[in-house]
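User: I want to learn how to read a few features in a model. Can we start with cavities, then go on to sheets and helices?

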Amino acid sequence: MTRTLLLWCPDWPVLAAEIADGVPATGPVAVLHANRVLACSEQARAEGVRRGLRRREAQGRCPGLTVVDHDPGRDARAFEPVVAAVEEVAVGVEVVRAGACALPARGPSRYLGGEEAAAERIVEHVAQSCAVESQVGVADGVFAAGLAARQGRIVPPGETPEFLAAQPVEALGRPTLADLLRRLGVRTLGDFAALSAGDVLARFGFDGALAHRMAAGRDDRPLAVRRPPVDLTVTTDLDEPIERVDVAAFAARTLAERLHERLAGHGLACTRLGIEAVTAHGQELHRVWRHDGLLDAAAIADRVRWQLDGWLTGARRGGPARPTAGIIRLRLVPDGLLAQAGLQPGLWGETGEERERAHRALSRVQGLLGPEAVVTAVLGGGRSPADQVRLVPWGDERLPARPDATPLPSWPGRLPPPSPAVVLPTALAVQVWDAAGEPVTVSARLAMSAPPARLSIDATVEALVPVGVGRAAEIVGWAGPWPVDERWWAPAEARRRARFQVCLADGTALLLAVERGRWLLEAIYD
(Lines give C-alpha, C1' and ligand atoms only; values in the text may rest on other atoms or scores of the structure.)
Protein backbone atom coordinates (compact mmCIF):
# COMPACT_ATOMS: atom_id res chain seq x y z
CA MET A 1 0.00 0.00 0.00
CA THR A 2 1.18 3.50 -0.86
CA ARG A 3 1.17 6.20 1.78
CA THR A 4 -1.29 8.69 0.34
CA LEU A 5 -1.92 12.32 1.20
CA LEU A 6 -5.41 13.48 0.22
CA LEU A 7 -6.63 17.07 0.31
CA TRP A 8 -10.39 17.50 0.71
CA CYS A 9 -12.39 20.73 0.45
CA PRO A 10 -15.65 20.39 2.43
CA ASP A 11 -18.89 21.31 0.63
CA TRP A 12 -17.01 21.89 -2.61
CA PRO A 13 -20.08 22.17 -4.90
CA VAL A 14 -21.27 25.04 -2.68
CA LEU A 15 -17.87 26.75 -2.80
CA ALA A 16 -17.71 26.26 -6.57
CA ALA A 17 -21.07 28.00 -6.92
CA GLU A 18 -19.70 30.91 -4.90
CA ILE A 19 -16.50 31.09 -6.97
CA ALA A 20 -18.19 30.81 -10.37
CA ASP A 21 -21.61 32.40 -9.81
CA GLY A 22 -21.16 34.57 -6.74
CA VAL A 23 -23.60 32.62 -4.56
CA PRO A 24 -22.65 33.48 -0.94
CA ALA A 25 -21.54 30.23 0.70
CA THR A 26 -21.86 31.77 4.17
CA GLY A 27 -25.66 31.70 3.87
CA PRO A 28 -28.01 28.71 3.61
CA VAL A 29 -27.18 27.19 0.20
CA ALA A 30 -27.97 23.74 -1.23
CA VAL A 31 -26.75 22.20 -4.48
CA LEU A 32 -29.36 19.90 -6.01
CA HIS A 33 -29.02 16.97 -8.41
CA ALA A 34 -32.07 15.02 -9.59
CA ASN A 35 -34.21 17.11 -7.23
CA ARG A 36 -32.24 15.94 -4.18
CA VAL A 37 -29.68 17.75 -2.06
CA LEU A 38 -26.16 16.83 -3.16
CA ALA A 39 -24.30 19.27 -0.90
CA CYS A 40 -25.21 22.12 1.42
CA SER A 41 -23.51 24.90 3.33
CA GLU A 42 -22.82 24.92 7.06
CA GLN A 43 -25.63 27.41 7.67
CA ALA A 44 -28.08 25.15 5.81
CA ARG A 45 -27.04 22.15 7.92
CA ALA A 46 -27.60 24.18 11.07
CA GLU A 47 -31.22 24.63 9.96
CA GLY A 48 -31.77 20.92 9.32
CA VAL A 49 -30.87 20.48 5.64
CA ARG A 50 -29.12 17.18 4.92
CA ARG A 51 -27.80 15.35 1.88
CA GLY A 52 -30.41 13.25 0.13
CA LEU A 53 -33.40 15.40 1.09
CA ARG A 54 -35.88 16.28 -1.61
CA ARG A 55 -36.07 19.90 -2.69
CA ARG A 56 -39.48 20.54 -1.10
CA GLU A 57 -38.48 19.03 2.24
CA ALA A 58 -35.19 20.97 2.31
CA GLN A 59 -37.01 24.25 1.61
CA GLY A 60 -39.55 23.37 4.25
CA ARG A 61 -36.84 23.01 6.86
CA CYS A 62 -35.06 26.17 5.70
CA PRO A 63 -37.44 28.68 4.01
CA GLY A 64 -34.56 31.02 3.12
CA LEU A 65 -32.60 28.28 1.34
CA THR A 66 -30.77 29.30 -1.86
CA VAL A 67 -31.01 26.46 -4.38
CA VAL A 68 -28.29 25.91 -7.01
CA ASP A 69 -28.33 23.25 -9.75
CA HIS A 70 -25.43 20.81 -9.81
CA ASP A 71 -22.86 21.48 -12.54
CA PRO A 72 -19.88 19.07 -12.70
CA GLY A 73 -18.12 21.33 -15.20
CA ARG A 74 -18.38 24.32 -12.87
CA ASP A 75 -17.01 22.25 -9.97
CA ALA A 76 -14.04 21.06 -12.05
CA ARG A 77 -13.21 24.54 -13.38
CA ALA A 78 -13.29 26.09 -9.93
CA PHE A 79 -11.12 23.31 -8.48
CA GLU A 80 -8.27 23.80 -10.96
CA PRO A 81 -6.65 26.70 -9.01
CA VAL A 82 -6.68 24.52 -5.87
CA VAL A 83 -4.93 21.66 -7.66
CA ALA A 84 -2.40 24.08 -9.12
CA ALA A 85 -1.70 25.44 -5.63
CA VAL A 86 -1.11 21.92 -4.28
CA GLU A 87 1.20 21.20 -7.19
CA GLU A 88 3.32 24.22 -6.26
CA VAL A 89 4.21 22.39 -3.03
CA ALA A 90 4.34 18.75 -4.21
CA VAL A 91 4.31 16.93 -7.54
CA GLY A 92 2.33 13.92 -8.73
CA VAL A 93 -1.13 15.27 -7.91
CA GLU A 94 -4.14 13.22 -9.05
CA VAL A 95 -7.63 14.69 -9.13
CA VAL A 96 -9.87 12.12 -7.45
CA ARG A 97 -12.95 14.25 -8.08
CA ALA A 98 -13.80 17.93 -7.99
CA GLY A 99 -13.06 18.90 -4.39
CA ALA A 100 -10.50 16.20 -3.63
CA CYS A 101 -7.01 15.44 -4.92
CA ALA A 102 -4.39 12.94 -3.82
CA LEU A 103 -0.64 12.47 -4.11
CA PRO A 104 2.01 10.12 -2.73
CA ALA A 105 2.98 11.26 0.77
CA ARG A 106 6.58 10.09 0.62
CA GLY A 107 8.02 12.96 -1.45
CA PRO A 108 6.56 15.99 0.36
CA SER A 109 7.00 14.38 3.79
CA ARG A 110 10.72 13.79 3.23
CA TYR A 111 11.26 17.22 1.75
CA LEU A 112 9.20 19.19 4.29
CA GLY A 113 10.18 17.25 7.40
CA GLY A 114 7.37 14.77 7.99
CA GLU A 115 3.78 14.04 7.02
CA GLU A 116 2.29 16.45 9.55
CA ALA A 117 4.50 19.30 8.36
CA ALA A 118 3.65 18.54 4.74
CA ALA A 119 -0.09 18.52 5.50
CA GLU A 120 0.12 21.86 7.32
CA ARG A 121 2.15 23.41 4.52
CA ILE A 122 -0.29 22.32 1.81
CA VAL A 123 -3.38 23.47 3.74
CA GLU A 124 -1.76 26.83 4.47
CA HIS A 125 -0.64 27.35 0.87
CA VAL A 126 -4.11 26.53 -0.51
CA ALA A 127 -5.68 28.95 1.94
CA GLN A 128 -3.28 31.74 1.01
CA SER A 129 -3.38 31.14 -2.75
CA CYS A 130 -7.06 30.38 -3.28
CA ALA A 131 -8.81 31.52 -0.06
CA VAL A 132 -10.27 28.02 0.25
CA GLU A 133 -10.49 26.03 3.47
CA SER A 134 -9.32 22.45 3.20
CA GLN A 135 -8.41 19.42 5.26
CA VAL A 136 -5.70 16.83 4.70
CA GLY A 137 -5.64 13.17 5.63
CA VAL A 138 -2.76 10.74 5.36
CA ALA A 139 -3.15 6.96 5.41
CA ASP A 140 -2.33 3.79 3.49
CA GLY A 141 -4.38 4.02 0.28
CA VAL A 142 -6.69 6.57 -1.28
CA PHE A 143 -9.89 5.34 0.40
CA ALA A 144 -8.48 5.46 3.92
CA ALA A 145 -6.83 8.82 3.24
CA GLY A 146 -10.19 10.21 2.15
CA LEU A 147 -11.82 9.16 5.42
CA ALA A 148 -8.85 10.52 7.38
CA ALA A 149 -9.14 13.85 5.56
CA ARG A 150 -12.71 14.27 6.80
CA GLN A 151 -11.31 14.09 10.33
CA GLY A 152 -8.10 16.02 9.55
CA ARG A 153 -6.15 13.01 10.78
CA ILE A 154 -2.81 11.39 9.98
CA VAL A 155 -3.04 7.62 10.41
CA PRO A 156 0.36 6.13 11.39
CA PRO A 157 1.86 3.61 8.94
CA GLY A 158 0.47 0.12 9.45
CA GLU A 159 -2.53 1.26 11.50
CA THR A 160 -4.91 1.84 8.60
CA PRO A 161 -6.89 -1.42 9.15
CA GLU A 162 -7.51 -0.46 12.79
CA PHE A 163 -8.56 3.04 11.76
CA LEU A 164 -10.99 1.69 9.18
CA ALA A 165 -12.39 -0.96 11.54
CA ALA A 166 -14.09 1.70 13.69
CA GLN A 167 -15.75 3.48 10.74
CA PRO A 168 -19.47 2.87 10.02
CA VAL A 169 -20.43 0.95 6.90
CA GLU A 170 -21.93 4.13 5.45
CA ALA A 171 -18.34 5.31 4.87
CA LEU A 172 -18.17 2.97 1.86
CA GLY A 173 -20.36 5.41 -0.09
CA ARG A 174 -22.79 2.65 -1.14
CA PRO A 175 -26.16 3.39 0.51
CA THR A 176 -27.91 0.22 -0.69
CA LEU A 177 -25.09 -2.04 0.49
CA ALA A 178 -24.78 -0.17 3.78
CA ASP A 179 -28.52 -0.51 4.47
CA LEU A 180 -28.40 -4.24 3.79
CA LEU A 181 -25.32 -4.71 5.99
CA ARG A 182 -27.04 -2.82 8.81
CA ARG A 183 -30.03 -5.14 8.67
CA LEU A 184 -27.70 -8.13 8.69
CA GLY A 185 -26.06 -6.84 11.87
CA VAL A 186 -22.85 -5.61 10.20
CA ARG A 187 -22.43 -2.03 11.43
CA THR A 188 -18.73 -1.19 11.06
CA LEU A 189 -16.08 -1.68 8.41
CA GLY A 190 -14.27 -3.97 10.86
CA ASP A 191 -17.28 -6.28 11.03
CA PHE A 192 -17.52 -6.27 7.25
CA ALA A 193 -13.78 -6.91 6.78
CA ALA A 194 -13.99 -9.91 9.14
CA LEU A 195 -16.28 -11.74 6.71
CA SER A 196 -14.83 -14.27 4.30
CA ALA A 197 -13.91 -12.75 0.95
CA GLY A 198 -15.45 -15.71 -0.89
CA ASP A 199 -18.73 -15.41 1.00
CA VAL A 200 -18.86 -11.67 0.33
CA LEU A 201 -18.31 -12.23 -3.40
CA ALA A 202 -21.02 -14.90 -3.52
CA ARG A 203 -23.51 -12.79 -1.55
CA PHE A 204 -22.89 -9.24 -2.79
CA GLY A 205 -21.16 -9.68 -6.15
CA PHE A 206 -18.15 -7.86 -7.57
CA ASP A 207 -19.06 -4.44 -6.17
CA GLY A 208 -19.46 -5.94 -2.70
CA ALA A 209 -16.09 -7.68 -3.02
CA LEU A 210 -14.50 -4.37 -4.00
CA ALA A 211 -16.07 -2.69 -0.96
CA HIS A 212 -14.79 -5.56 1.19
CA ARG A 213 -11.23 -4.90 0.02
CA MET A 214 -11.60 -1.24 0.90
CA ALA A 215 -13.00 -2.07 4.34
CA ALA A 216 -10.02 -4.34 5.02
CA GLY A 217 -7.55 -1.53 4.28
CA ARG A 218 -6.56 -2.65 0.78
CA ASP A 219 -6.75 0.03 -1.87
CA ASP A 220 -9.69 -0.07 -4.25
CA ARG A 221 -7.36 0.35 -7.24
CA PRO A 222 -6.10 -2.97 -8.64
CA LEU A 223 -2.39 -3.55 -8.06
CA ALA A 224 -1.63 -5.09 -11.45
CA VAL A 225 -1.78 -1.91 -13.49
CA ARG A 226 0.93 -1.50 -16.09
CA ARG A 227 2.65 1.39 -17.77
CA PRO A 228 1.07 2.25 -21.12
CA PRO A 229 3.07 1.69 -24.31
CA VAL A 230 4.38 4.84 -25.93
CA ASP A 231 2.13 4.45 -28.98
CA LEU A 232 -1.05 4.76 -26.88
CA THR A 233 -0.47 8.46 -26.26
CA VAL A 234 -2.44 10.65 -28.69
CA THR A 235 -1.34 14.14 -29.73
CA THR A 236 -2.79 16.81 -31.96
CA ASP A 237 -1.10 19.97 -33.25
CA LEU A 238 -3.56 22.81 -33.78
CA ASP A 239 -3.33 25.08 -36.82
CA GLU A 240 -4.29 28.18 -34.85
CA PRO A 241 -3.76 28.84 -31.12
CA ILE A 242 -6.92 28.06 -29.18
CA GLU A 243 -8.08 30.64 -26.66
CA ARG A 244 -11.83 29.94 -26.62
CA VAL A 245 -13.32 27.17 -24.51
CA ASP A 246 -15.86 26.00 -27.11
CA VAL A 247 -13.16 25.54 -29.76
CA ALA A 248 -10.98 23.70 -27.26
CA ALA A 249 -13.91 21.43 -26.34
CA PHE A 250 -14.36 20.44 -30.00
CA ALA A 251 -10.67 19.54 -30.33
CA ALA A 252 -10.84 17.66 -27.03
CA ARG A 253 -13.74 15.47 -28.16
CA THR A 254 -11.97 14.47 -31.37
CA LEU A 255 -8.80 13.62 -29.46
CA ALA A 256 -10.77 11.68 -26.81
CA GLU A 257 -12.40 9.52 -29.49
CA ARG A 258 -8.99 8.76 -31.00
CA LEU A 259 -7.64 7.72 -27.62
CA HIS A 260 -10.65 5.53 -26.85
CA GLU A 261 -10.41 3.78 -30.23
CA ARG A 262 -6.69 3.18 -29.76
CA LEU A 263 -7.20 1.70 -26.30
CA ALA A 264 -10.09 -0.46 -27.52
CA GLY A 265 -7.91 -1.77 -30.32
CA HIS A 266 -5.52 -3.14 -27.68
CA GLY A 267 -8.36 -4.45 -25.48
CA LEU A 268 -7.56 -1.88 -22.78
CA ALA A 269 -9.26 0.84 -20.76
CA CYS A 270 -7.65 3.48 -18.56
CA THR A 271 -8.46 4.50 -15.00
CA ARG A 272 -6.23 7.58 -14.98
CA LEU A 273 -5.80 10.20 -17.67
CA GLY A 274 -2.94 12.64 -18.14
CA ILE A 275 -3.91 15.87 -19.94
CA GLU A 276 -1.05 17.92 -21.38
CA ALA A 277 -1.17 21.21 -23.27
CA VAL A 278 1.50 23.44 -24.82
CA THR A 279 0.88 27.13 -25.54
CA ALA A 280 2.24 29.30 -28.31
CA HIS A 281 4.69 30.85 -25.79
CA GLY A 282 6.08 27.46 -24.79
CA GLN A 283 4.17 27.07 -21.52
CA GLU A 284 3.51 23.42 -20.64
CA LEU A 285 0.43 22.52 -18.64
CA HIS A 286 -0.14 19.06 -17.17
CA ARG A 287 -2.84 17.49 -15.01
CA VAL A 288 -3.78 13.90 -14.07
CA TRP A 289 -7.41 12.91 -13.58
CA ARG A 290 -8.40 9.81 -11.63
CA HIS A 291 -11.66 7.91 -12.16
CA ASP A 292 -13.39 5.25 -10.04
CA GLY A 293 -14.47 3.25 -13.08
CA LEU A 294 -13.23 2.83 -16.64
CA LEU A 295 -13.01 5.95 -18.79
CA ASP A 296 -15.01 5.74 -22.02
CA ALA A 297 -14.85 8.26 -24.87
CA ALA A 298 -17.51 10.55 -23.37
CA ALA A 299 -15.90 10.51 -19.93
CA ILE A 300 -12.47 11.29 -21.43
CA ALA A 301 -13.90 14.17 -23.46
CA ASP A 302 -15.68 15.63 -20.41
CA ARG A 303 -12.52 15.67 -18.31
CA VAL A 304 -10.44 17.21 -21.08
CA ARG A 305 -13.10 19.88 -21.62
CA TRP A 306 -13.30 20.65 -17.90
CA GLN A 307 -9.53 20.89 -17.64
CA LEU A 308 -9.14 23.14 -20.66
CA ASP A 309 -11.96 25.31 -19.38
CA GLY A 310 -10.14 25.62 -16.06
CA TRP A 311 -6.90 26.62 -17.79
CA LEU A 312 -8.41 29.04 -20.30
CA THR A 313 -10.86 30.88 -18.05
CA GLY A 314 -8.03 32.00 -15.81
CA ALA A 315 -7.66 32.48 -12.09
CA ARG A 316 -10.40 33.07 -9.59
CA ARG A 317 -9.88 34.05 -5.98
CA GLY A 318 -6.11 34.28 -6.25
CA GLY A 319 -5.50 31.17 -8.38
CA PRO A 320 -2.82 30.92 -11.09
CA ALA A 321 -3.21 33.19 -14.08
CA ARG A 322 -4.45 31.86 -17.41
CA PRO A 323 -1.84 31.04 -20.08
CA THR A 324 -0.34 34.04 -21.81
CA ALA A 325 -1.06 32.56 -25.24
CA GLY A 326 -3.43 30.12 -26.90
CA ILE A 327 -2.97 26.34 -26.86
CA ILE A 328 -1.24 24.91 -29.92
CA ARG A 329 -0.80 21.28 -28.87
CA LEU A 330 -2.88 18.78 -26.90
CA ARG A 331 -1.73 15.39 -25.65
CA LEU A 332 -3.63 12.67 -23.78
CA VAL A 333 -1.60 10.10 -21.84
CA PRO A 334 -3.54 7.04 -20.56
CA ASP A 335 -2.38 5.48 -17.30
CA GLY A 336 -3.59 2.79 -14.93
CA LEU A 337 -4.49 0.44 -17.78
CA LEU A 338 -6.74 -2.58 -17.27
CA ALA A 339 -7.76 -5.36 -19.62
CA GLN A 340 -11.21 -4.69 -21.03
CA ALA A 341 -11.94 -8.33 -21.81
CA GLY A 342 -14.29 -8.66 -18.86
CA LEU A 343 -16.54 -5.75 -19.83
CA GLN A 344 -20.00 -6.71 -21.04
CA PRO A 345 -21.38 -4.30 -23.66
CA GLY A 346 -24.96 -3.15 -23.39
CA LEU A 347 -27.86 -4.37 -25.52
CA TRP A 348 -27.34 -1.51 -27.96
CA GLY A 349 -23.57 -1.20 -27.58
CA GLU A 350 -21.67 1.18 -25.37
CA THR A 351 -23.08 4.42 -24.03
CA GLY A 352 -23.54 6.75 -26.96
CA GLU A 353 -25.72 7.50 -29.97
CA GLU A 354 -27.16 3.99 -30.42
CA ARG A 355 -28.33 3.75 -26.83
CA GLU A 356 -29.84 7.23 -26.99
CA ARG A 357 -31.71 6.32 -30.18
CA ALA A 358 -33.10 3.20 -28.54
CA HIS A 359 -34.18 5.21 -25.50
CA ARG A 360 -35.99 7.77 -27.66
CA ALA A 361 -37.73 5.03 -29.67
CA LEU A 362 -38.96 3.16 -26.61
CA SER A 363 -40.08 6.39 -24.95
CA ARG A 364 -42.13 7.24 -28.07
CA VAL A 365 -43.79 3.82 -27.95
CA GLN A 366 -44.73 4.53 -24.36
CA GLY A 367 -46.18 7.87 -25.38
CA LEU A 368 -48.39 6.16 -27.97
CA LEU A 369 -49.44 3.05 -26.03
CA GLY A 370 -48.95 3.99 -22.39
CA PRO A 371 -46.15 3.50 -19.82
CA GLU A 372 -46.95 -0.19 -19.27
CA ALA A 373 -46.52 -0.98 -22.97
CA VAL A 374 -42.71 -1.19 -22.65
CA VAL A 375 -41.37 -3.01 -19.61
CA THR A 376 -38.05 -4.51 -18.55
CA ALA A 377 -37.43 -7.37 -16.16
CA VAL A 378 -35.68 -6.81 -12.83
CA LEU A 379 -34.32 -9.82 -10.97
CA GLY A 380 -34.78 -9.95 -7.24
CA GLY A 381 -35.12 -12.40 -4.41
CA GLY A 382 -37.86 -14.86 -3.66
CA ARG A 383 -38.66 -18.54 -3.36
CA SER A 384 -40.69 -19.06 -6.53
CA PRO A 385 -39.83 -18.05 -10.12
CA ALA A 386 -42.72 -15.58 -10.25
CA ASP A 387 -41.44 -13.80 -7.12
CA GLN A 388 -37.94 -13.35 -8.50
CA VAL A 389 -38.89 -11.26 -11.56
CA ARG A 390 -40.55 -7.85 -11.51
CA LEU A 391 -41.57 -6.01 -14.68
CA VAL A 392 -41.06 -2.24 -14.50
CA PRO A 393 -41.99 0.34 -17.15
CA TRP A 394 -39.13 1.59 -19.31
CA GLY A 395 -37.45 4.59 -17.70
CA ASP A 396 -38.61 3.81 -14.15
CA GLU A 397 -36.13 3.00 -11.41
CA ARG A 398 -35.05 -0.62 -11.71
CA LEU A 399 -35.37 -1.87 -8.15
CA PRO A 400 -36.22 -5.43 -7.09
CA ALA A 401 -39.58 -6.02 -5.44
CA ARG A 402 -37.74 -7.10 -2.29
CA PRO A 403 -35.14 -4.41 -1.44
CA ASP A 404 -32.83 -6.72 0.48
CA ALA A 405 -32.97 -9.52 -2.06
CA THR A 406 -30.44 -10.17 -4.77
CA PRO A 407 -30.28 -13.07 -7.21
CA LEU A 408 -26.83 -14.11 -5.98
CA PRO A 409 -27.55 -15.86 -2.68
CA SER A 410 -29.94 -18.77 -2.13
CA TRP A 411 -33.00 -17.93 -0.10
CA PRO A 412 -34.21 -20.62 2.29
CA GLY A 413 -36.71 -22.60 0.28
CA ARG A 414 -35.62 -21.21 -3.07
CA LEU A 415 -35.65 -23.49 -6.10
CA PRO A 416 -32.20 -24.80 -7.00
CA PRO A 417 -30.81 -24.16 -10.49
CA PRO A 418 -31.50 -24.52 -13.35
CA SER A 419 -34.34 -22.04 -13.46
CA PRO A 420 -37.53 -22.78 -15.42
CA ALA A 421 -37.58 -21.58 -19.02
CA VAL A 422 -41.23 -20.41 -18.93
CA VAL A 423 -42.98 -18.92 -15.91
CA LEU A 424 -46.74 -18.72 -16.33
CA PRO A 425 -48.21 -15.32 -15.45
CA THR A 426 -51.09 -17.12 -13.71
CA ALA A 427 -50.76 -20.63 -12.32
CA LEU A 428 -53.02 -23.15 -14.07
CA ALA A 429 -55.08 -25.75 -12.25
CA VAL A 430 -54.05 -29.36 -12.94
CA GLN A 431 -55.24 -32.80 -11.89
CA VAL A 432 -52.82 -35.42 -10.59
CA TRP A 433 -53.82 -39.09 -10.15
CA ASP A 434 -52.08 -42.16 -8.81
CA ALA A 435 -51.76 -45.51 -10.59
CA ALA A 436 -55.23 -46.55 -9.38
CA GLY A 437 -56.87 -43.44 -10.81
CA GLU A 438 -57.40 -41.74 -7.44
CA PRO A 439 -56.48 -38.06 -6.91
CA VAL A 440 -53.14 -37.59 -5.17
CA THR A 441 -53.36 -35.57 -1.95
CA VAL A 442 -50.72 -34.06 0.33
CA SER A 443 -51.34 -33.77 4.07
CA ALA A 444 -50.30 -30.90 6.35
CA ARG A 445 -47.31 -33.03 7.38
CA LEU A 446 -46.29 -33.41 3.71
CA ALA A 447 -47.37 -37.03 3.51
CA MET A 448 -48.55 -38.08 0.02
CA SER A 449 -51.51 -40.40 -0.42
CA ALA A 450 -49.72 -42.22 -3.28
CA PRO A 451 -46.99 -41.61 -5.88
CA PRO A 452 -48.20 -39.47 -8.81
CA ALA A 453 -48.72 -41.38 -12.06
CA ARG A 454 -50.78 -39.23 -14.45
CA LEU A 455 -51.47 -35.54 -15.00
CA SER A 456 -53.94 -33.41 -16.93
CA ILE A 457 -54.34 -29.63 -17.23
CA ASP A 458 -57.69 -27.87 -16.90
CA ALA A 459 -56.77 -25.24 -19.55
CA THR A 460 -54.92 -25.92 -22.77
CA VAL A 461 -51.27 -24.85 -23.10
CA GLU A 462 -50.51 -27.14 -26.01
CA ALA A 463 -47.99 -24.67 -27.43
CA LEU A 464 -45.83 -25.37 -24.39
CA VAL A 465 -46.98 -28.74 -23.05
CA PRO A 466 -48.61 -31.47 -25.17
CA VAL A 467 -51.32 -31.95 -22.57
CA GLY A 468 -54.79 -30.41 -22.72
CA VAL A 469 -58.33 -30.66 -21.48
CA GLY A 470 -59.59 -34.20 -21.51
CA ARG A 471 -56.15 -35.75 -22.02
CA ALA A 472 -53.69 -37.10 -19.48
CA ALA A 473 -49.96 -37.60 -19.64
CA GLU A 474 -47.93 -40.24 -17.87
CA ILE A 475 -45.56 -39.06 -15.12
CA VAL A 476 -42.30 -41.01 -15.37
CA GLY A 477 -40.33 -39.16 -12.68
CA TRP A 478 -40.97 -36.77 -9.84
CA ALA A 479 -39.25 -35.11 -6.88
CA GLY A 480 -40.63 -33.44 -3.76
CA PRO A 481 -42.49 -32.31 -1.84
CA TRP A 482 -40.60 -29.15 -0.80
CA PRO A 483 -42.54 -27.04 1.68
CA VAL A 484 -42.79 -23.26 1.49
CA ASP A 485 -44.29 -21.46 4.50
CA GLU A 486 -44.21 -17.71 3.95
CA ARG A 487 -45.20 -14.79 6.19
CA TRP A 488 -46.77 -17.03 8.80
CA TRP A 489 -46.63 -14.11 11.24
CA ALA A 490 -49.15 -12.12 9.13
CA PRO A 491 -52.35 -14.18 8.82
CA ALA A 492 -53.75 -12.01 6.02
CA GLU A 493 -50.61 -12.55 3.90
CA ALA A 494 -49.62 -16.06 4.99
CA ARG A 495 -49.07 -18.62 2.25
CA ARG A 496 -48.27 -22.31 2.67
CA ARG A 497 -47.70 -24.72 -0.21
CA ALA A 498 -45.64 -27.72 -1.30
CA ARG A 499 -43.78 -27.87 -4.60
CA PHE A 500 -43.00 -30.79 -6.91
CA GLN A 501 -40.92 -31.29 -10.02
CA VAL A 502 -42.37 -33.87 -12.41
CA CYS A 503 -41.15 -35.28 -15.70
CA LEU A 504 -43.63 -36.48 -18.33
CA ALA A 505 -43.17 -39.36 -20.73
CA ASP A 506 -42.25 -37.06 -23.63
CA GLY A 507 -39.43 -35.48 -21.60
CA THR A 508 -41.28 -32.30 -20.59
CA ALA A 509 -40.48 -31.16 -17.04
CA LEU A 510 -42.97 -29.15 -14.97
CA LEU A 511 -42.96 -27.28 -11.70
CA LEU A 512 -46.14 -28.04 -9.71
CA ALA A 513 -47.42 -26.76 -6.38
CA VAL A 514 -50.10 -27.95 -4.00
CA GLU A 515 -51.89 -25.15 -2.16
CA ARG A 516 -55.10 -25.58 -0.12
CA GLY A 517 -55.65 -28.99 -1.65
CA ARG A 518 -55.35 -27.76 -5.27
CA TRP A 519 -52.63 -28.76 -7.73
CA LEU A 520 -51.22 -25.85 -9.77
CA LEU A 521 -48.81 -25.60 -12.72
CA GLU A 522 -46.38 -22.72 -12.03
CA ALA A 523 -43.56 -23.10 -14.57
CA ILE A 524 -42.17 -25.24 -17.38
CA TYR A 525 -38.57 -26.38 -17.80
CA ASP A 526 -36.88 -26.42 -21.18
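Analyst: A cavity is a set of grid points where a 1.4 Å probe fits but cannot get out, and its lining residues have an atom within 4 Å of a point. Keep in mind that this model is predicted.

User: How many cavities of 30 Å³ or more does a search of the whole structure find?

Analyst: The search finds two. The second largest holds about 30 Å³ of space. Its lining consists of M1, D140, G141, F143, A144, L164, M214, G217, R218 and D219. By class, five of these lining residues are nonpolar, two polar and three charged.

User: Next, the sheet. In what order do the three strands stand?

Analyst: The order is β3-β2-β4, in an open sheet with mixed pairing. β3 (36-40) and β4 (66-69) each have a single partner strand, so one side of each lacks a neighbour in the sheet. On average, neighbouring strands are turned by 40 degrees against each other, direction ignored.

User: How many bridges join β2 to β4?

Analyst: Four, and the two strands run parallel. V29 stands opposite T66 in β4.

User: How are two packed helices described?

Analyst: By the angle between their axes and the distance between the axes. Here, the axes of α1 (residues 12-21) and α4 (residues 72-87) come within 9 Å and cross at roughly 85 degrees. The two helices are therefore roughly perpendicular to each other.

User: Which residues of α1 and α4 meet?

Analyst: From α1, W12, P13, A16, A17, I19, A20 and D21. From α4, R74, D75, A78, F79 and V82. By class, this contact has nine nonpolar, no polar and three charged residues.

Methods. Residues numbered from 1 in each chain as written. Predicted model: local features only at pLDDT ≥ 70, side-chain atom pairs only at ≥ 80, totals over all residues. Heavy atoms only, no water. 1 Å grid on protein atoms, 1.4 Å probe; cavity = no way out; pocket = protein on both sides within 12 Å on 5 of 7 lines; lining within 4 Å. Points joined across faces, edges and corners; volume = space filled by probe spheres on them. Nonpolar A, V, L, I, M, F, W, Y, C, P; charged D, E, K, R; others polar. Pairing = 2+ DSSP bridges. Axes fitted to C-alpha atoms, helices over the stretch in contact; angles between N-to-C directions. Parallel < 35°, antiparallel > 145°, perpendicular 65-115°, else oblique. Contact = heavy atoms within 4.5 Å.
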